[in-house]
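Colleague: I should like to go through the salt bridges of this model with you. Please set out the criterion before turning to the individual pairs.

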Amino acid sequence: MSAWGSTPKLTLLLPHILADPAPIRVEAPPASETRTDYLEWRTRGAVYRLPMPRVPNAPARRQFLCYTHAIERRMGQMPLFDWREGYTLTPLPTMLSVQGVGVLFIGNLQGGYEFVRQIAYTPVSFRSSPRWQLEAEAFPLVPLYLRPQQLPDEPLALLGVPFIVLVEGAEQLSAAQWRALILWMHSGGQLIVSLNASASLLRRTPLARYLPDWDALRVQRLTQAVRISPAGSAFPPPSEPVPLAPLRAADAEQVAQIGERNTLVAQIPYGFGRLVVFGGDLTHPAWRNWHGYIPLWQELLRNPRFAGYTVGRLLGDSPRSANAQAVLTPLQMLLLVGLFTAYWFVLYGLWRVLRVRRQLVYAPYGVLGCVLLTLLGLHWLVPPPFEHNVISGKRVLVGTLSTASALERGRWFYHSPASDWSLRWDGADALAVDAATALNPVQVTFEGGGATLRGWGLTPTTLEIHTWRMQPIPLRVRQTEAGYELVNTSTDITFERIQVARYKHAPLGMLEDEASHDALFESPLELDWEPCHGWALAPGGALAFPFEPSTRYLVWATARVENARTQEQVEVWLFLP
C-alpha cells in the first residue's frame with residue numbers, strides 16, 4: 001500500500017484508558033512521490049479526514065485529538081481507522097483498545113501499583129441518553145506509568161483522566177506541562193502529590209502556590225494509630241520507620257491523620273477539582289508494607305471525576321433558537337386544535353345549508369374559502385421555519401485568573417439546507433459532529449487550523465457540533481492604588497452579569513447527577529458571594545474586585561454575542577488562584 005511496503009502506524013499517547021478527546025500520533029513511512037494522503041474514521045453519521053502531506057525520503061508524523069463522545073455514548077473502544085491513498089482505502093490494525101479508567105503515575109516510577117485494578121470506586125452516573133453508569137466491574141482502574149517527558153503538555157489531552165499521581169521525578173516537568181496540569185485540576189481533575197526526598201524542588205515549580213506547608217521530611221517511627229477519614233477507620237502505625245513530613249494546612253480536609261494533631265493526607269479544593277497531598281513518600285517500602293496502605297488508596301481513588309465531562313455539564317441545555325423549529329406554546333396548541341375543529345364544523349354546516357337550499361353547486365367556493373382561512377391561521381400560529389447558515393449555541397470557558405488561556409467547550413446547532421452545503425469552522429482543537437439523523441454522511445476535513453464540513457441531502461438536517469479549544473482568558477485581575485480590579489480584556493464581548501464568590505468546598509459537589517448547575521448560585525453553604533460594583537462590563541471596562549490573599553475565588557460571568565452568522569451564549573468560570 002505505502003512506500004517500502006509498510007502501513008502507517010497509530011499510537012495512542014495514553015494507551016488502554018478511557019480518554020476523550022484521545023491524543024493520537026500517526027506516523028507514515030516515506031512516499032514514492034510528493035502527495036497528500038488521508039487518515040479517516042467514522043462515527044455518528046460523520047466521516048472525518050485528517051490530511052497527511054508526504055514526501056520522498058522522509059516519514060510523515062502528525063499528532064491530533066480524536067473526539068468521539070466515548071464517555072457520553074458508552075463507547076468501549078476507539079473508532080475504526082482507514083488509510084486513503086488516492087482511491088484506495090485500506091483498514092488499519094485496530095490496536096487502540098480501552099481497558100478502563102486511568103490512574104497516571106508521573107515520574108521515575110515504572111510499576112508496582114497494579115493493585116489499583118482491584119479497587120471498587122463509586123459508580124459514576126452520566127447524564128447521557130440513554131443514561132448509564134461507569135462501574136469498576138466493566139471499567140476497572142488502570143495504572144499508567146509515564147516519564148515526565150511523556151506527559152502531554154496540552155490540557156485537552158488530559159480531559160479523560162480522573163487521577164494523576166506525582167512521584168519522584170515529576171519535578172522535571174516543563175512549564176507547559178505544569179500549566180496543563182493546573183488547568184486540568186481546576187477543570188475537575190484530582191492531582192495526588194507524594195512528598196519524597198526531592199519534594200522541596202516542587203517549591204520552584206508553578207504548583208508551589210497551591211501546595212500546603214509541611215515540616216522537613218525525615219525518617220521516624222510512628223507510635224500513634226493512623227485514622228483514615230471520613231469512614232474513621234483506625235490502623236496501627238507502620239512497623240518500620242517511615243519517611244514523614246507532617247502537613248500544615250488549616251483550611252484543608254483531612255483524609256488521613258496521625259493521632260489527634262498530625263495531618264498525613266490533606267485534600268484542598270481548587271476549582272472543580274482537588275489537590276491531595278501525602279505527607280511522606282508513597283513509594284517507600286515501609287509505607288507500602290503498612291496495613292492501611294491499600295485502604296488509603298481506596299479512599300483516594302473512590303470518586304473518579306472526568307474533567308471533560310465536568311466542563312461539559314456546565315453547558316446545560318444549549319439553546320437551539322436559530323436552527324431548530326420553535327416549540328409550540330400550550331396556548332398555540334389549543335388554538336391549532338380549535339382551528340381544525342372549527343374547519344370541520346364550518347364545512348359540515350356549509351354542506352347542510354347548501355343541501356337544504358339545493359345549491360351544492362356552490363360548495364367548491366365555500367370549501368376554497370375555508371381552506372384559505374385555515375392556511376392563514378396556520379401561518380399565524382405555526383412557528384417560523386428554520387434559518388439556514390446561522391449557527392447557535394453556547395460555549396463555556398474554564399480556567400484560572402493567573403494563566404493566559406482557558407479551556408473552551410462549545411456545543412452548537414447548525415441546520416443545513418436541502419442541497420449541497422459546506423461550513424468552515426476555524427480554531428477547533430477537537431471537533432465532533434453528531435449527524436445521526438442525516439441521510440448522507442457529513443464529511444469533516446481538518447485543515448488550516450480548523451475544519452471544513454460538507455454535506456448533501458434532499459431534506460434539511462440539524463447538526464450538533466461539539467468543540468474543544470484553548471482560548472485567551474477574557475477577564476483579568478490587576479492591582480491599582482485603590483485595590484484590585486476585574487478587567488474585561490476582550491474586544492467584542494460585553495458581559496451582562498458578573499458574580500464573584502469565595503469558596504471553601506469544591507463547587508463540583510453541586511454539579512452531580514440531577515442537580516442543575518444553577519443551584520451553584522443558590523446555595524449559601526458552599527459559596528460566600530461577594531458584592532460586585534456593577535453588572536455589565538464592556539470591553540476594556542473594570543470593576544472593583546474584593547481580593548484578599550490566601551482566599552479562593554470564583555468569578556462567574558455571562559454574555560450573549562450575536563452577528564450575521566452566529567448567535568451564542570458565553571459563560572466564563574475563572575478561579576483564583
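Modeller: A salt bridge is counted when a side-chain nitrogen of Lys or Arg lies within 4 Å of a carboxyl oxygen of Asp or Glu. The structure is a predicted model.

Colleague: How many salt bridges does this rule give?

Modeller: The rule asks for a nitrogen and a carboxyl oxygen within 4 Å. Applied here, the count comes to 18 salt bridges.

Colleague: Which residue forms a salt bridge with Glu571, and is Glu571 buried or exposed?

Modeller: The N to O distance in this pair is 3.3 Å, and the partner is Lys394. Glu571 belongs to strand β37 (residues 566–576) and Lys394 to strand β24 (residues 391–400), 177 residues apart. Lys394 is buried, and Glu571 is likewise buried.

Colleague: Why does Arg469, the partner of Glu408, count as buried?

Modeller: Glu408 and Arg469 form a salt bridge whose closest N and O atoms are 2.7 Å apart. The pair links strand β25 (residues 405–416), which holds Glu408, with strand β30 (residues 461–472), which holds Arg469. Buried means under 20% relative accessible area. Arg469 therefore counts as buried, its relative accessibility being 19%.

Colleague: Which residues does the salt-bridge network that includes Glu85 join?

Modeller: Glu85 forms a salt bridge with Arg35, with the closest N and O atoms 3.5 Å apart. Glu85 lies in strand β7 and Arg35 in strand β4, so the pair ties together parts that are 50 residues apart in sequence. Glu85 counts as buried at 14% relative accessibility. Through shared partners, salt bridges join into one network Arg35, Asp37, Arg54 and Glu85.

Methods:
Residues are numbered from 1 along each chain as its sequence is written. This is a predicted model: local features need pLDDT of at least 70, side-chain atom pairs count only at pLDDT 80 or more; totals for chains, interfaces and linings use all residues. Side-chain values use heavy atoms; hydrogens and water are left out. Helices (H or I, at least four residues) and strands (E, at least two) are DSSP runs, numbered from the N terminus. Buried means under 20% relative accessible area, exposed over 50%, partly exposed in between (1.4 Å probe, protein chains only).
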